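Colleague: I would like to go through this model with you. Could we begin with the ligand and then turn to the sheet?

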Amino acid sequence: MLQLKDPSLLRQQAYVNGAWCDADNGATLAVHNPATGEKLGSVPLMGAAETRAAIAAAHAAWPAWRKKTAKERAAILRRWNDLILAHAEDLAQLMTAEQGKPLAEARGEVAYGASFIEWFGEEAKRIAGETLASPWPDRRLLVTKEPIGVCAAITPWNFPIAMITRKVGPALAAGCTMVLKPAEATPFCALALAELAERAGVPAGVFSVVTGDPAAIGGELTASPIVRKLTFTGSTAVGRLLMAQSAPTIKKLSLELGGNAPFIVFDDADLDAAVEGALASKYRNAGQTCVCANRIYVQDGVYERFAEKLVAAARKLKVGNGAEDGVTQGPLINEKAVQKVEQHVADAVAKGGRVLLGGQRHALGHGFFEPTVIADVDNTMLVATDETFGPLAPLFRFHTDEEALALANATEFGLASYFYSRDIGRIWRVAEGLESGMVGVNTGLISNEIAPFGGVKQSGLGREGSHYGLDDYLVIKYICLGGI
Ligand code: ADP
């Protein structure tokens, strides 16, 4: 069983209007460790009624919260950031237990997650308006920015802390209040964040966490006319549904959806660096990030050498329970996720793919899958069109820059893309030609709190992180001041 230095961080109740509470009907939802199958505990299985109560509390808390100065809100957010960092080890243990990622990655995510709270608290002090040149001598034109109001957030299980803080950080900093529904698989990290928010002095109702039935809670969050903005990270299918459900109340939306990132290795690339980047981008979090390299395109002249080097590097990954020392690849989140990787491998092999490494469930059982590399794949295969969300690197072959760009852009998604080259002309052409919201050039890791994270095409709307991420929680007001 999970041993925390501060056991009160493991909360098994939802947090609504500053109080820890159960579902109205007492129903619960079990939470399991994906590495062992062990039950870690349970959380309330809430639905529409409890969500309505949380929205009402957020609405009631909003006037006082927005009235605080940015500096006052920043001071609370700073305390929250400091508390998260002070309890980093407990939060990392909690995350590895419910999500499966190796402890080193979990520790990294806690620091990354806290950075959004710190950064947005600081940034909100710099929200500024404008005065415009008036076309009339007796009137002045002013532009101010105001918090949009009550916000709803629905978050995924792959980054159980960071996907929350990069929504609640800017929302609270801007003067909004928020109701969060975390993923069913990883509610404990969300509830621990709420516990620390309370200790930091976030007032009752400003941040509530409702756990339970996704469709019922999501239905209420989207239908409510009080909720002015919905921010969601998850699959494109659910994002599309939430967008439709938000249409009747014309909500502002931020959607961070599916990826299918291309990773292109040109023949002038530093191959060792490209392998290192591919390894980080592909196998981090066992391949379960929306910016993971999903399709690796390698130019003909370096194809075999790159494949050899990637196989040698991926072979060194240590698969196991993320809580154990030295483990670099944990389990996938559940059986369905494993089946998807199996399906992608089987489909590629049936159509002529050559398995260079792995390809099977790992002997450890549960959600474990072998680090896998498959060569000779093409765009008729599932690995070309569908996000694998697992530790499978498919290697496509290409000949010209034009071909690489066309292949990379042949997807409805457009979140992240990566490429390796040393030629400055090619770097500009390809960076400009890629249809994605983010481009990593000669690097496989791009995320931080200062940069705008988000996609184009069906990968979503809006940006998180950066000063652009704060704009998503603000509305513009134009004031025309006459009688001068
Ligand atoms: P994944 O397949 O990676 O779990 P999802 O998009 O299904 O991605 O999940 C992301 C988040 O969306 C989770 O918090 C999940 O509970 C939530 N979710 C899933 N279905 C719905 C729905 N119908 N309405 C609202 N939220 C949903």
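Modeller: The discussion below takes the ligand shell and then the sheet; please note that the model is predicted.

Colleague: Which residues come nearest to the ligand?

Modeller: Pro214, Gly218, Gly234, Ser235 and Val238 come nearest, out of 14 residues around the ligand.

Colleague: And which helices supply at least two residues of that shell?

Modeller: Helix 7 (214-223) and helix 8 (236-246) each do so.

Colleague: How do the shell residues divide by character?

Modeller: The shell holds 8 nonpolar, 4 polar and 2 charged residues.

Colleague: Turning to the sheet, what is the order of the strands?

Modeller: The order is 14-15-16-13-12-17-18, an open sheet of 7 strands with mixed pairing. Strand 14 (354-357) and strand 18 (438-441) each have a single partner strand, so one side of each lacks a neighbour in the sheet. From one strand to the next, the twist averages 25°.

Colleague: How many bridges join strand 13 to strand 16?

Modeller: There are 4 bridges between strand 13 (residues 293-299) and strand 16 (residues 392-398), and the two run parallel. Within this pair, tyrosine 297 has phenylalanine 396 of strand 16 as its bridge partner.

Colleague: What does helix 9 touch when it packs on the sheet?

Modeller: Helix 9 (residues 271-283) touches strand 12 (261-265), strand 13, strand 16 and strand 17 (416-420). Its direction makes about 160° with that of strand 17.

Colleague: Which strands does helix 13 lie across?

Modeller: Helix 13 (residues 401-409) lies across strand 12, strand 13, strand 16 and strand 17. Relative to strand 16, helix 13 runs at about 140°.

Terms used: Residues numbered from 1 in each chain as written. Predicted model: local features only at pLDDT ≥ 70, side-chain atom pairs only at ≥ 80, totals over all residues. Near = placed C-beta within 6 Å. Nonpolar A, V, L, I, M, F, W, Y, C, P; charged D, E, K, R; others polar. Pairing = 2+ DSSP bridges. Axes fitted to C-alpha atoms, helices over the stretch in contact; angles between N-to-C directions. Contact = placed C-beta atoms within 7 Å.
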